[in-house]
Amino acid sequence: MSLEALGWNSQRQAEFEAYAAQGLMPCRVVGEHRSHFRVSTGTSELSAVITGRLRKSAAERSDLPGVGDFVAIRMAEGDGPAPIEAVLRRTSALIRKAAGERRPQLLAANIDVVFIVTALGGDFNLARMERYLALVSESGATPVVVVNKADLPGDVVRPNGQIDGIDPGVPIHAISARAQDGARDLERYFEGNRTVALIGSSGVGKSTLTNRLLGHDAQATQEVRAHDGRGQHTTTHRQLFTRVSGGTVIDSPGLRGLELWNPSTDSTSDFDDIEALASQCRFRDCRHDSEPGCAVRAAVDRGDLDADRFASYVKPGRDSLRTAR
Ligand SMILES: Nc1nc2c(ncn2[C@@H]2O[C@H](COP(=O)(O)OP(=O)(O)O)[C@@H](O)[C@H]2O)c(=O)[nH]1
Ligand SMILES: [Mg+2]
Ligand SMILES: [Zn+2]
């Protein structure tokens, strides 16, 4: 293995020359833990920590290194973790604004392709898919729609290979990660040692597909709860996996629902949690009144969303904000 297999290229090398002159070494962040990072030099993996200077120079939390970042480290003397001195320019960044939090959080950096994974058996939702597509495009990565569980009954993908309502320019792959059908068609997205991230609802088969793409079981998969067809989250910390045949994969970089940060629109709303729910309503222009398939009202009914908060969200005058999404 070399750093090239992890996506290092001549542009990055050119940018790195100034750091090389300071005796620093290029690495890619492959894991993020509470107290430290795991970085790969291409030939070995080591622990690393952010220097105080780098922390101070970051205007936003999302400027700090995260999984997928290429960084400049100083080789530690002795056994301690290597200090990360700099983060190289990102070619793309998946950033989210967590519900109730004002500060953006980096989910993954330098992602070339995002597989937006959905599955037959009830997961597919056009409004949610459109939102994923828009936000992935904005991150700088290329979106690819993967409809998993093609072994189950369902008619999301039309016989011509397209999905009603989705831009025909977006590649769509109907596969079965479990039966191994069609997963080979996804190999092409790793050509040139590219990095692919998988996003989508829990239970759609992201970890199963990740294992398929890696050729071994690196990620734990889960059984879907029988009563409602939904999955539980089993993927805990973010990790970048290297494929033996080149390229890297990140299984669900931490996206829950649709809390992606969208830098070009107003995302500093106090109602991100409700807006994330609203994006899952059946109708895109849902007024959360009496429309069928309203995810916001359902959350109120379940007790997941406070009724008073909901009332202040729908109070007159907020219409423009809600429809501006
Ligand atoms: N029928 C069917 N089930 C699948 C397929 N791929 C994954 N699953 C199952 O879906 C469940 C959730 O898979 P998992 O990979 O953990 O989903 P994740 O939450 O998206 O990572 C597991 O029980 C898998 O065995 C598939 O192609 N067909
Ligand atoms: Mg998983
Ligand atoms: Zn609604």
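**Strands, helices and rings in a predicted model**

Colleague: In which sense, parallel or antiparallel, do strand β2 (residues 37-40) and β3 pair?

Modeller: Strands are DSSP runs of E with at least two residues, helices are runs of H or I with at least four, and both are numbered from the N terminus. Two strands pair if DSSP finds at least two bridges between them. β2 and β3 have 4 bridges, and their sense is antiparallel.

Colleague: What pLDDT do local features need in this model?

Modeller: Residues are numbered from 1 along each chain as its sequence is written, chains are lettered from A and ligands numbered from 1 in the order in which they are written, and side-chain values use heavy atoms, leaving out hydrogens and water. This is a predicted model, in which totals for chains, interfaces and linings use all residues, side-chain atom pairs count only at pLDDT 80 or more, and local features need a pLDDT of at least 70.

Colleague: Which residue in the turn between β2 and β3 has a positive phi?

Modeller: β2 and β3 form a hairpin, with 4 residues between them. Within the hairpin's strands, Val39 stands opposite Leu46 in β3. The turn residue with a positive phi, about 100°, is Gly42.

Colleague: Which residues form the covered face of β3?

Modeller: In a regular strand, side chains alternate between the two faces of the sheet. In β3, Glu45, Ser47 and Val49 form the uncovered face. The covered face consists of Leu46, Ala48 and Ile50.

Colleague: Which residue in β5 stands opposite Val49?

Modeller: Strand β3 (residues 45-50) and strand β5 (residues 82-87) run parallel and are joined by 3 bridges. Ala48 stands opposite Ala82 in β5. The residue opposite Val49 is Pro83.

Colleague: What is the average twist from one strand to the next in the closed barrel?

Modeller: The closed barrel has 5 strands in the order β1-β2-β3-β5-β4, and its pairing is mixed. Angles run from 0 to 180 degrees between N-to-C directions, and axes are lines fitted to C-alpha atoms, for helices over the stretch in contact. From one strand of this barrel to the next, the twist averages 55°.

Colleague: At about what angle to β4 does helix α1 run?

Modeller: Helix α1 (residues 10-20) lies across β1 (25-32), β4 and β5. Its angle to β4 is about 25°.

Colleague: Are the rings of Trp8 and Phe16 stacked, tilted or edge-to-face?

Modeller: Rings of Phe, Tyr and Trp (its six-membered ring) pair if their centres lie within 6.5 Å; planes under 30 degrees apart count as stacked, over 60 as edge-to-face and the rest as tilted. The structure holds 5 aromatic pairs. In the pair of Trp8 and Phe16, the centres are 5.7 Å apart and the planes lie at 80°, so the pair is edge-to-face.

Colleague: Is Trp8 buried or exposed?

Modeller: Buried means under 20% relative accessible area, exposed means over 50%, and partly exposed is in between (1.4 Å probe, protein chains only). Trp8 belongs to one aromatic cluster with Phe16, Tyr19 and Phe70. Because its relative accessibility is 6%, Trp8 counts as buried.

Colleague: Which ring lies under the charged end of Arg243?

Modeller: A charge sits over a ring if NZ of Lys or CZ of Arg is within 6 Å of the ring centre and within 35 degrees of the ring normal. The charged end of Arg243 is 4.0 Å from the centre of such a ring, that of Phe190.

Colleague: Which strands are the edge strands of the open sheet?

Modeller: The open sheet has 6 strands in the order β10-β9-β8-β11-β13-β12, with mixed pairing. Each edge strand pairs on one side only, and these strands are β10 and β12 (240-242).

Colleague: What angle does the direction of helix α4 make with that of β13?

Modeller: Contact means heavy atoms within 4.5 Å. Helix α4 (residues 206-214) packs on the open sheet and touches β8, β9 (142-148), β11, β12 and β13. The direction of α4 makes an angle with that of β13 of about 165°.

Colleague: How many of the 9 residues of α4 are buried?

Modeller: The buried residues of α4 include Leu209, Leu213 and Leu214, and their cover includes β8, β9, β11, β12 and β13. The helix is largely enclosed by the rest of the structure, because the number of buried residues is 7.
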